[in-house]
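Reader: I am new to this structure and would like a careful look at one part of it, beginning with a single residue. Please explain each term as it comes up, and go on from there to other places that help me to read the picture.

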Amino acid sequence: MNTWYLQRLRSMNWRELVYRAEQWVQSQSLKKEMGTRHPALTCISIPSILPSLRYRPVIDPAFDVLGVPIDPAAIDNWSYDVLTKKTFPSLYAKEINIRTDEHGSAKHVWEMNRMLFLPRLALQYRQTGDVQYITVIMRLISSWTVQNPYLTGINWYSNIEVNIRLINWFLTWEILQLEALQEREPFVHEFVQDIWIPSIYQHCKFSHSHPSLHSSANNHLIAEYAGLFIASAKWYFPGSSEAWHLQARLGLEQEIQRQHSANGVNKEEAAEYIQFITDFLLLSMVVGDRILKPFSAQYKNTFSNILHYIRELLTINGQFPKYGDEDDGRVFALNTALHDNNFQSLLESGAIYFTDPMLATGATEPDQKNRLLFGEAAVHTLVALEPAGNRRGSKFYPEEGHFIFRKQDEDGREIYCHFDAAPLGYLSIAAHGHADALSFVLYVDGQPVFVDPGTYCYHTNAEWRRYFVSTRAHNTICINGLDQAHFVGPTLWLNHYRTTVQDYQLSDDYDFVVARHNGYKKAHVLHTRKLEFDKPANRILITDHITNTTGRNGTLEMPFHLHPGTRYSIEGCQATLTTGGRNIVVKLDDQLQWTVVEAQSDPFLGWYSESFYRKTPAPVFMGTLHMNQSLVLKTELLIS
């Protein structure tokens, strides 16, 4: 047993250990089911759950996998990593090791196998009436079932992937209006009954049998319940679907509450994941309404709160602070622009669903996704809805540890600073959190200035993964080169730090927060940071109190990570930054020795990841100091 698995065991309580043992026994017994098929299944599909389209959709069929363009019609190997050009073996799924790059990156393979392009091909058919698109869809699903027999290969490894595929199959079926199409075209009926329905059944069976519970019960579990709920609402398999539907519905009701605070803040501490998770919840809610089994008022109230948090989180041009992991993940890709701003799309969904002017984006024409979900009602709602309260001020979430400092002028200018005093992440492994306690990011007029460097990778390139999640890669204080928590593996943290919000104030002219974390208790150091925002002066003051409880010698590092597009000059302890015609004067503390680092690899420093598996050099102002006592450091930002 390798080191990662031994460390993983440390994150589990005895109940989870028992559960994992049961799962292992189950996986061994299921091995005999590899490659089995379930022909001649009785299945009743419920027609037209989503509104019927009464317009000619226009959509770009283009698709890519993490930036690599692919032609879906040309896919002939479903275990192929298009980036590394490697192929995963056809072994029993649970025996495949995804934690090395021997066969490539599982993430790359899974992105293709989510089949986000299938609904886009279905929309092309609805637009053109060209039967070739149906032929391509049938060929793709047929080849997938041949190359991925039940429980065989990398595409049966992860339950979340099984369920995202199920959701895109559901959307494809709905867009094609397949019940009517089967009646018109016997060859389609034969394909559906002989190939697609048996595979749908196997996906549902797998989803039901492999829930991500205990320390893994994060976004994966929401995805699994959503996929199973939607599939069991659409396709009825006598003797099975009732149990699947009940389990999934109850699970969604529970997990939306467990994984979000009362204010709608997601507990995984991964900002980009918010749009990902919320789409599962949205589609499930819409389907529940359409089959006349709506979710509870509590579910819908929490969903509304999630959207209002998104509204506060975004900058004036819809950008979001990149705290925690991001991997460009989508549940579906229904809009014309493949890489649209899904946060803005979700706000539009909320404005339509709740008739809420606070969520309105100003659009009077719904995007493709919302037309598909809400039909013509989306158009009428948006036309009648007048946005309210578009100018936003600071918003604090002290219980959750997220503090948004904001000043918006009437001329559309904005100063935005996000301060992170949140926990490391969710549950005992904090899988998608970064060691970023008391870090901040700064946007000016929607342009990133001081940034969180992003994520870059997960299970492959271990040293790069370690860097991008590290404390040193964030705008906070690093002591003795240590992380604020113990990083054990790609999605595993131990010895989580505790953050404490000690004081805060919100007012028209002056906001501040004081917070502390104990991540350096083994080094006998406490870090307290006060961030103040003097709005009339456009001035941000950061004061760091470093309490050295024993007077031991140590090293302090204070990094400020700049976005690659930010121009800068620095002389001594003062820097001038320029972005979008605005200047920011940075007065650095003169107790530290300051250098500028970019694209360093030993150790890693000075890198920025705009999206998954992409990185570029980016400057870092690095202040260093040898210390043997407590001290106070001050940094001042003046935005003109």
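Author: A helix is a DSSP run of H or I with at least four residues, a strand is a run of E with at least two, and both are numbered from the N terminus. Helix α9, which covers residues 219-234, is the place of Glu 224. The model is predicted, and for that reason local features need a pLDDT of at least 70 and side-chain atom pairs count only at pLDDT 80 or more, while totals for chains, interfaces and linings use all residues. Residues are numbered from 1 along each chain as its sequence is written, and side-chain values use heavy atoms, with hydrogens and water left out.

Glu 224 is buried and yet has no salt bridge, the nearest side chain of opposite charge being that of Lys 94, at 8.5 Å. Here buried means under 20% relative accessible area, exposed means over 50%, and partly exposed lies in between (1.4 Å probe, protein chains only). A salt bridge is a side-chain nitrogen of Lys or Arg within 4 Å of a carboxyl oxygen of Asp or Glu; Lys and Arg count as positive, Asp and Glu as negative, and His and the chain ends are not counted. Apart from neighbours within four places in sequence, Glu 224 is in contact (heavy atoms within 4.5 Å) with Asn 159, Ile 160, Asn 163, Ser 207, His 210, Pro 211 and Ser 212.

Buried charged residues also occur in helix α3 (residues 106-113), where eight of the eight residues are buried, so that this helix is largely enclosed by the rest of the structure. Among its buried residues are Lys 107, His 108, Trp 110 and Glu 111, and the elements against which the buried residues of α3 pack include strand β2 (63-65), helix α4 (117-128) and helix α6 (159-176). Just after α3, Met 115 takes a positive phi of about 60 degrees.

A salt bridge of 2.8 Å, N to O, joins the side chains of Arg 114 and Glu 161. This pair links distant parts of the chain, with Arg 114 in the loop between α3 and α4 and Glu 161 in helix α6, 47 residues apart. Arg 114 and Glu 161 are both buried, and the two belong to a network of salt bridges that links them with Lys 107, Glu 111 and Asp 327. In the whole structure, a search finds 28 salt bridges.

Another of these pairs joins Glu 636 to Arg 539, with the closest N and O atoms 2.4 Å apart. Because Glu 636 lies in strand β29 (residues 631-639) and Arg 539 in strand β18 (residues 539-548), the pair ties together parts that are 97 residues apart in sequence. Glu 636 also meets Lys 587 in a salt bridge of 3.7 Å, N to O. That second pair links strand β29 with strand β22 (residues 582-587), which holds Lys 587, across 49 residues. Glu 636 counts as buried because its relative accessible area is 16%, whereas Lys 587, at 35%, is partly exposed.

Turning to nonpolar residues, the largest nonpolar core has 138 residues, of which Phe 117, Ile 200 and Trp 235 touch the most other members. Such a core is a set of buried Ala, Val, Leu, Ile, Met, Phe, Trp, Tyr and Cys residues joined through side-chain atoms within 4.5 Å. Beyond its neighbours within four places in sequence, Trp 235 has contacts that include Cys 43, Leu 166, Trp 169, Trp 173 and Ile 200. A second, separate core of 53 residues includes Phe 396, Ile 477, Tyr 520 and Leu 631.

Trp 235 also belongs to one aromatic cluster, whose other members include Trp 144, Trp 169, Trp 173 and Phe 206. Rings of Phe, Tyr and Trp (its six-membered ring) pair if their centres lie within 6.5 Å, and planes under 30 degrees apart count as stacked, over 60 as edge-to-face and the rest as tilted. A search of the whole structure finds 46 aromatic pairs. One of them is the edge-to-face pair of Phe 396 and Phe 403, 5.0 Å from centre to centre and with 75 degrees between the planes. Phe 396 counts as buried because its relative accessibility is 7%, and Phe 403 is buried at 0%.
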